[in-house]
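Subject: Structure handover and notes

Dear colleague,

Please find the structure below, followed by my notes on what was found in it. Have a look at the model first; the notes should then be simple to follow.

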Amino acid sequence: WYIIFLYFVIPTTCMVIFSSFSCIDFDTDNDFNNDGDIVSYLRADLSIQCEDHTLGISHNMTRKYFFIFTYAGLMVVIVPIGVPAILFTLLWLKRNEIEERRTR
């Protein structure tokens with residue numbers, strides 16, 4: 001039953017995890033100032049700023065987004081990679097019992 005449950009849960013969980021890496025850029029340029037500063041926000045939650053490209057500094061990650069980025073990276077190792085690897089290992093270890101099993 002756990003495998004069936006995980007079959008439905010893992011795709012949605014992976015989609016949420018990978019959405020933590022998607023940011024969208026906004027140009028803060030206005031009619032009075034042509035400096036062309038770009039501010040980047042998390043696509044899944046536009047209240048979270050990813051990067052601030054002002055002052056010509058590229059890839060200046062905010063603290064909040066750095067935490068989200070790091071946590072999401074850890075979750076990528078655990079959920080999309082780790083859970084299927086653990087399930088494969090458990091099934092592989094029980095392969096002889098599974099193959100010898102007689103069903104009606």
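How are H1 and H2 oriented relative to each other? The model is a predicted one, and in this model helix H1 (residues 2-19) packs against helix H2 (residues 63-93) at an angle of about 160 degrees. Angles over 145 degrees count as roughly antiparallel, and H1 and H2 are therefore roughly antiparallel to each other. Their axes lie 9 Å apart, and the crossing of H1 past H2 is left-handed.

The residues that make this contact are as follows. H1 contributes Ile 3, Leu 6, Ile 10, Thr 13, Cys 14, Ile 17 and Phe 18. From H2 come Ala 72, Met 75, Val 76, Val 79, Pro 80, Val 83, Leu 87 and Leu 91. Sorted by class, the contact of H1 with H2 holds 14 nonpolar residues, one polar residue and no charged ones.

Now the chain as a whole. The protein chain has three helices and three strands, and their order from the N terminus is α-β-β-β-α-α. The chain has 104 residues, of which 18% count as buried. About 8,700 Å² of the protein chain is exposed, and 64% of that area is supplied by carbon and sulfur atoms. Taking contacts between residues at least 6 apart in sequence, 30% join residues at least 24 apart.

Some individual residues, beginning with two in H1.

Leu 6 sits in helix H1. Is Leu 6 buried or partly exposed? Its relative accessible area is 22%, and buried means under 20%, so Leu 6 counts as partly exposed. Setting aside neighbours within four places in sequence, Leu 6 is in contact with Pro 11, Val 83 and Leu 87. Leu 6 and Leu 87 are 81 residues apart along the chain, and their C-alpha atoms are separated by 9.9 Å.

Ile 10 is also part of helix H1. With a relative accessible area of 16%, Ile 10 is buried. The C-alpha atom of Ile 10 is 7.2 Å from that of Pro 80, a residue 70 places away along the chain. Both Ile 10 and Pro 80 are among the residues through which H1 and H2 meet.

On the other side of this contact, Ala 72 belongs to helix H2. Ala 72 is buried, its relative accessible area being 4%. Which residues does Ala 72 touch, not counting those up to four places away in sequence? They are Ile 17, Ser 20 and Phe 21. Between the C-alpha atoms of Ala 72 and Phe 18 the separation is 7.3 Å, with their positions 54 residues apart along the chain.

Ser 20, one of the residues that Ala 72 touches, lies in the loop between H1 and strand S1 (23-27). Is Ser 20 buried or exposed? Ser 20 is buried, with a relative accessible area of 14%. Neighbours within four places in sequence aside, Ser 20 is in contact with Leu 42, Tyr 65, Ile 68 and Ala 72.

To sum up the helix pair: H1 and H2 run roughly antiparallel, and 14 of the residues in their contact are nonpolar.

Regards

Key: Residues are numbered from 1 along each chain as its sequence is written. This is a predicted model: local features need pLDDT of at least 70, side-chain atom pairs count only at pLDDT 80 or more; totals for chains, interfaces and linings use all residues. Side-chain values use heavy atoms; hydrogens and water are left out. Helices (H or I, at least four residues) and strands (E, at least two) are DSSP runs, numbered from the N terminus. Buried means under 20% relative accessible area, exposed over 50%, partly exposed in between (1.4 Å probe, protein chains only). Contact means heavy atoms within 4.5 Å. Accessible areas come from the Shrake-Rupley method with a 1.4 Å probe; for residues, only the protein chains shown count as cover. Axes are lines fitted to C-alpha atoms, for helices over the stretch in contact, and angles run from 0 to 180 degrees between N-to-C directions. Angles under 35 degrees count as roughly parallel, over 145 as roughly antiparallel, 65 to 115 as roughly perpendicular and the rest as oblique. A crossing is left-handed if the near helix is turned anticlockwise from the far one by less than a right angle, and right-handed if clockwise. Ala, Val, Leu, Ile, Met, Phe, Trp, Tyr, Cys and Pro count as nonpolar, Asp, Glu, Lys and Arg as charged, and the others, Gly among them, as polar.
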